[in-house]
Amino acid sequence: MLPLSASEVNLFKNSQIYIDKERLSFNEIKQQRFKKMSHEHINLGFQADTSVWIKFSLKNETDTPKEKILKINNPLLEHITLHDQNHSSTEGMLHIHSLRTALYPSFKLKLAPHSHKSYYLHVKNSTTSLQFSVILTDTENFYSNDKRKQFAIILLIGIVIAFLIYSTALYLYTKDASYLYYTLYITAILFQQLTYIGFLPLHMPEWFTAIDNLIVVPKLGIMIITAILFARSFLRTEAFKKIDTTYKILIALSVVQIITLSTPWFYVPETMILTGLFFIFFNFFVALYVYAKGNKQARFFIAGWVFLLIGYFLMILDALGVLSVMYHLQSLVLLCTILEALFLLLAFADRINILQVQKDHYEQNLVKELRQRNIIVEKEVSNRTHTLNTLYRELHHRVKNNLQIILSIIRLQSDRADEAVKEPLLELENRIRSISKTHELLYQNEDIETIDMQEYIESLCEDIEASLSKKDLNFAIDVNANMPLKEAVYIGLIVNELVSNAIKYAPVNSTITITLGHKDSICYNLHVSDDGDGYKHSNTASNSLGLTLVHTLVEDQLGGTIEINHHNTCSYDIRFKA
């Protein structure tokens, strides 16, 4: 029977043990014969069908009530049940209650003054090694130690994440697959280690922990695969066929083991662990061999891998139940990961320096060659551009000439036509002239892509006025826009129709106002109006060709809208996208 005077003590020194392979109940266990504990730590390896019962007694010899914490020194144990004479309570990775804040499973024990109690601790694990020790400690001591441990873990996590961000940035910058594989590899290690030290089970939801507990073998397999991919890429093992083939075989073997050895019906994690044990030593000797063959960057890989080799080797022996030291050094692999990551980042920096020297050498040669080629290309581009501009102007000039021929034909036809036919022919002539004018401006100006709409509309209005023999009209034109050929043609036809109509019906000395510009950043606004008296809608030919053409051009070709005001004036406001 253990007194409660000590602040912290390993309970196994005063306990008895029973290894249960028959799944006995608590009442049945109490009838069994327990053996005295001979070690401070139990490590049975992977024992899915075995559970451990620990029997111990405590006594309070003082005059005051005592409260102690029973700490089970393994955060990966799935089912832990503590029985006493009156009740039982359950803890473990799969039974983390919402109020728990500590990494390790624990139970609060309360003893009245001058009393004693007997307890039975039942521990069962299915997916990871069945190993633990039991510590009896003070409440304050337990929580203060746990806070320090969690702070240290968060600090280590922050360092590893910084390395991950750095390596990811290097991959995005260099596109070297080594950095990507390194990022995946360190991520896999970090994921496994945060589970191993109890950080993820404590802080993640129950469903996540339940899934995480079932993928022990896949996680080990992914660690091995990502490590192999990184080693192959970094050490350039494609130059060594036998080594590279061995790596490929290990990848295939890991994939097969993930598929076949991680099911509830066939769960053999020892095989994956032995594969990992072979890999860590094989990888170390490959790095030595590649370094001896002249790959000087491998020296950083060797230095970094030594740390991880030590941590992995101890962890694997611990998982197999061969050696029990990791319960004292549960953050060792995470620390080794940081040291390895540091050396590998040094290797990356060394590689960048080498690549930079090579890049500078290549750039010097490229600059000379590019200068010579640029002179040739610039000359060729200048010649081609001049030729294209000449051809483009010639094209517009010929289109304009062809339209002039059509205009001449129409004029000849108009001279011989009746008075009733002359007006429609004149309207057709003005429409063709508005199109011809755009091509004329394009081949005459330096800018062969856009048309100055101020110059275009002014010239167009002069031609319309001349064709209709009206000299007593005034034009107020305010245009601030340059447009491509297609849109300019549409606007020219619209202005032609509206101005022609205004000239026909506007009184003497009227002023026709035309404005065109950006109403906002995305739309143009075209305004055409005269200072006449307007008209009655019923008196207009609403289905006339001119207005039909205007509506078609605005709505179908420009995708815009038109507003007409015919009360006391005659104005058209057309809005379309730039």
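These questions and answers walk through a predicted model. In this model, local features need pLDDT of at least 70, side-chain atom pairs count only at pLDDT 80 or more, and totals for chains, interfaces and linings use all residues. Residues are numbered from 1 along each chain as its sequence is written, and side-chain values use heavy atoms, with hydrogens and water left out.

User: What is the order of the strands in the open sheet of four strands?

Analyst: Strands here are DSSP runs of E, at least two residues long, and helices are runs of H or I, at least four residues long, all numbered from the N terminus. Two strands pair if DSSP finds at least two bridges between them. The pairing in this sheet is antiparallel, and β2 and β10 are the edge strands, each pairing on one side only. The order is β2-β13-β7-β10.

User: By how many degrees are neighbouring strands of this sheet turned against each other on average?

Analyst: Axes are lines fitted to C-alpha atoms, for helices over the stretch in contact, and angles run from 0 to 180 degrees between N-to-C directions. For this average, direction is ignored. The value is 25 degrees.

User: Which helix packs on the sheet, touching β2, β7, β10 and β13?

Analyst: Contact means heavy atoms within 4.5 Å. The direction of this helix makes about 40 degrees with that of β7, which spans 66-72. The helix is α2.

User: Which residue in β13 stands opposite Glu8?

Analyst: Strand β13 covers residues 134-137, and three bridges join β2 to β13. The two strands run antiparallel. The residue opposite Glu8 is Thr137.

User: Is Asn10 buried or exposed?

Analyst: Asn10 sits in strand β2, residues 8-10. Leaving aside neighbours within four places in sequence, Asn10 is in contact with Glu40, Ser133, Val134 and Ile135. Buried means under 20% relative accessible area, exposed means over 50%, and partly exposed lies in between, using a 1.4 Å probe and protein chains only. Asn10 has a relative accessible area of 11%, so Asn10 is buried.

User: Which backbone nitrogen does the side chain of Asn10 reach?

Analyst: The distance is 2.9 Å. The backbone nitrogen belongs to Phe12.

User: Where does Ser106 stand, buried or exposed?

Analyst: Ser106 lies in strand β10, residues 106-111. Not counting residues up to four places away in sequence, Ser106 touches Ile69, Leu70, Lys71, Glu91 and Phe142. Its relative accessibility is 16%, so Ser106 counts as buried.

User: Which helix gives the most to the largest nonpolar core?

Analyst: A nonpolar core is a set of buried Ala, Val, Leu, Ile, Met, Phe, Trp, Tyr and Cys residues joined through side-chain atoms within 4.5 Å. The largest has 66 residues, and Phe279 is among those with the most contacts inside it. Helices that each supply at least two residues include α7 (241-260) and α8 (269-292). With twelve residues, the top contributor is α6.

User: How many residues has the second, separate core?

Analyst: This core includes Val479, Ala481, Ala488 and Leu558. Its count is 37 residues.

User: How many bridges pair strand β20 with strand β22?

Analyst: Strand β20 covers residues 523-530 and strand β22 covers residues 570-577. They pair in the antiparallel sense, and Cys523 has Lys577 as its bridge partner. The number of bridges is eight.

User: Which residue takes a positive phi in the hairpin of β21 and β22?

Analyst: Five bridges join β21, residues 561-565, to β22. Glu563 stands opposite Asp573, and Ile562 has Ile574 as its bridge partner. The hairpin has four residues between the strands, and the phi is near 65 degrees. The residue is Asn568.

Terms used
A polar contact is a pair of N or O atoms within 3.5 Å; within protein, one must be able to donate a hydrogen and the other to accept it, and residues adjacent in sequence count only if both atoms are side-chain atoms.
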